[in-house]
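Trainee: Could we go through a few of the labels used for this model and check what stands behind each?
Mentor: Happily, let's take them one by one.

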Amino acid sequence: ISDVQPGPEGSHPSLLAGVGADLLFAANDGSHGFELWRTDGTPSGTTMVKDIAPGPAGSALASLTAVDNLVFFSADDGVSGREPWRSDGTPAGTFRLLDVQPGPESSMTQTQVIADWGGFAFFGAAAPATGHELWRSDGTPGDTRLVQDIGPGIVSAGLGGPLLSAGGRLFFTAADEAGTELWTLLPELSVSDVTADEGTHALVT
């Protein structure tokens, strides 16, 4: 479609995710490092969306996940560490959702999974007061928030594994006072506050 990095090196496109009629992906053009790109399938319609971490280092974006008409991912802008981001395929619509771990430290890892469930993006992130817990976002900073502090206080729930949807539920492993167990979010309830049920389910109520 396009020689993103001219010459024999290649741009190594990866992390493909669709938004509307376009495809978003990570690529290295040799000048900006790995950054977010989009294409409509034509050479003229293949462009870098945003230089998230200005300069040649790149933002090392990861875990591109399509949710409705947005793509969620983690990226390091070189200032705030690795945090949750979103994009609608435009520069203005591509921004960090929240600095969950304020300052240069990261709240997410490069291998952190992001899952689409119920029109929201779910992911694990570490905040100073809660440790590494389950978060969710609708694509706006105002509704990017902690789902539940499963491991009370600064004790992390250890959400480093997959977030998997099956049978209309979102499943994940997490640790609380009872140790590491299987948890689920239940779809028959509206998404707002969360309560725990017998230590085995996170009920979205």
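**Reasoning from values to labels**

Mentor: This is a predicted model. Let's begin with Val-67, which lies in strand 5, residues 62-67.

Trainee: Why is Val-67 called buried?
Mentor: Buried means under 20% relative accessible area. Val-67 has 3% relative accessibility, so Val-67 counts as buried.

Trainee: Which residues does Val-67 touch, leaving out those up to four places away in sequence?
Mentor: Val-67 touches Phe-72, Asp-116, Gly-119, Phe-120 and Ala-121. The cut-off for such a contact is heavy atoms within 4.5 Å.

Trainee: Phe-120 and Ala-121 bring us to strand 10, residues 120-127. What makes strand 10 mostly covered?
Mentor: Eight of its eight residues are buried.

Trainee: How do you know that both faces of strand 10 are covered?
Mentor: In a regular strand the side chains alternate between the two faces of the sheet. On one side of strand 10, Phe-120, Phe-122, Gly-124 and Ala-126 are buried, and on the other Ala-121, Phe-123, Ala-125 and Ala-127 are buried too.

Trainee: What makes strand 9 and strand 10 a pair?
Mentor: Two strands pair if there are at least two bridges between them. Four bridges join strand 9, residues 114-117, to strand 10, and the two run antiparallel. Ile-114, for example, has Phe-123 in strand 10 as its bridge partner.

Trainee: How many bridges link strand 10 and strand 11?
Mentor: Strand 10 pairs with strand 11, residues 131-137, over seven bridges, in the antiparallel sense. Gly-124 stands opposite Leu-134 in strand 11, and a hairpin of three residues joins strand 10 to strand 11.

Conventions:
Residues numbered from 1 in each chain as written. Predicted model: local features only at pLDDT ≥ 70, side-chain atom pairs only at ≥ 80, totals over all residues. Heavy atoms only, no water. Buried < 20%, exposed > 50% of the residue type's maximum accessible area, 1.4 Å probe, protein only.
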